[in-house]
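Me: I am new to this structure and would like to go through it step by step. Please take my questions one at a time.

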Amino acid sequence: MADTMSMVVGVREEQGNTVQSNVQEERIFVAIRVRPLNDRERARHDVSDWECISHNSIKFKNNGLAEQRSLSMDTYTFDRVFGEMCSTQQVYEQGIKEVSLSVVSGINSSIFAYGQTSSGKTYTMTGITEYAIRDIYEYIEKHREREFVVKFSAMEIYNEAVRDLLNVNATSLRLLDDPEKGTVVEKLTEETLTKRSQLQQLLSICAAERMTEETAMNETSSRSHQILRLTVESNPSDYARTARSGALIASVNFVDLAGSERASQTLSAGTRLREGSHINRSLLTLGTVIRKL
C-alpha cells in the first residue's frame with residue numbers, strides 16, 4: 001500500500017478596512033491531491049491507499065488488515081479532490097488561484113501542503129508558487145493605474161531553528177512579538193524586487209539551500225518546513241490626489257511542510273531520526289492549533 005495523498009490548504013485573512021467583507025465568503029479552502037505511483041512503488045507492485053470517487057470525495061480503499069478496516073472511515077469530503085490524472089495547473093486554477101491573487105487586493109493569505117513524506121507536497125507547492133507568481137505579475141502589468149512594490153523573503157524551520165534561505169551565513173533567527181505587526185522573524189532578509197526574473201533567481205537559491213536528504217521513502221526528502229513570503233504594496237498612481245485609504249499592502253505565504261514519517265518506513269537513524277522527530281512534533285502542534293481555531 002502507498003499513501004499517495006497530500007492536502008493543499010488555502011487560507012485568506014482580511015486586513016484592515018482595505019476590502020469590504022463578505023460574510024458569506026469561505027476563507028479556508030481545503031483540497032486533496034492524489035499522485036500517481038512512482039517507479040519504486042510500481043516495482044514493488046504497490047497500490048494506492050486512496051480512490052477519488054467524485055470531485056470532492058475520496059475513499060480509503062481498506063485493502064489493509066482487518067483492524068484497519070474496522071477502525072477506519074471509508075469516505076471523506078473536502079472542498080475539492082484532484083485525482084492521479086490532474087495536473088498541478090488544475091490544482092492551482094480550480095482551487096488555489098483565487099486565494100493567491102487576493103494579495104493584490106490587500107488581503108493576507110497562506111497556502112500550504114500537508115501530508116506524509118513522499119506524498120508529492122514539494123512538487124505541488126513548487127508548481128503552485130510558479131503559477132501564482134505568473135498571475136500576480138500579469139495582474140501588475142495590467143493595472144497601470146496603481147504603482148506596485150513587491151518584496152520577497154524566505155526561511156526554513158529545521159530542527160526547530162529558523163534559518164534565512166537568502167543569507168546562508170546567517171545564524172539561527174529569533175521570533176519576536178511586534179505590537180503592530182504581530183510575530184516577526186528578527187533580521188530576516190527581505191528583497192525588494194525590480195523584475196520577475198530576479199524572483200526566479202531567488203527561488204532557485206532557496207531550492208538549493210533548503211535541507212533535503214535521502215530516506216528509504218524519498219530520494220530528496222525535505223527535512224525542513226519552508227516558508228516563502230511575497231509582500232505586495234500598491235498605491236494609486238496619482239497618489240497625491242487620492243485619499244490615503246487607497247494604499248494596499250498584504251502578503252501571501254507559500255508553505256511547503258516537511259512530511260510526517262514513521263522511522264520504521266523511512267529506516268531513519270541518527271540525524272535522520274532526530275529530524276523526523278522534530279518534523280512530527282511540529283506537525284502535531286500545527287494540527288492542535290488548527291483544531292483550536
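Me: How far apart are the end C-alpha atoms of helix α5 (residues 196-209), and what should its 14 residues span?

Reply: This is a predicted model, in which local features need pLDDT of at least 70 and side-chain atom pairs count only at pLDDT 80 or more, while totals for chains, interfaces and linings use all residues. Residues are numbered from 1 along each chain as its sequence is written, and side-chain values use heavy atoms, with hydrogens and water left out. Helices (H or I, at least four residues) and strands (E, at least two) are DSSP runs numbered from the N terminus, and the expected span of a helix is 1.5 Å times one less than its number of residues. For α5 the expected span is 20 Å, which agrees with the distance between its end C-alpha atoms, 20 Å.

Me: Which residues of α5 are buried, and within what arc do they fall?

Reply: Buried means under 20% relative accessible area, exposed over 50% and partly exposed in between, with a 1.4 Å probe and protein chains only. By that rule Gln198, Leu199, Leu202, Leu203 and Cys206 are buried in α5. Taking the directions from the helix axis to the C-beta atoms, the buried residues of α5 line one face of the helix, because they fall within an arc of 140 degrees.

Me: Which exposed residues does the face of α5 turned away from its buried side carry?

Reply: The buried residues of α5 are covered by elements including α4 (121-142), β8, β12 and β15. The face turned away from that buried side carries the exposed residues Gln201, Ala207 and Ala208.

Me: How many bridges join strand β8 (residues 146-158) to strand β15 (residues 225-236)?

Reply: Two strands pair if DSSP finds at least two bridges between them. Strand β8 runs antiparallel to β12 (residues 191-193), with three bridges, and Lys151 stands opposite Thr192 there. In β15, Lys151 stands opposite Thr231, and the bridges that join β8 to the antiparallel β15 number 12.

Me: Which element gives the most to the largest nonpolar core?

Reply: A nonpolar core is a set of buried Ala, Val, Leu, Ile, Met, Phe, Trp, Tyr and Cys residues joined through side-chain atoms within 4.5 Å. The largest has 37 residues, and those with the most contacts inside it include Phe152, Leu199 and Leu230. Elements including β8, α5 and β15 each supply at least two residues of this core. The element that gives the most, with seven residues, is α4.

How values were computed
Contact = heavy atoms within 4.5 Å.
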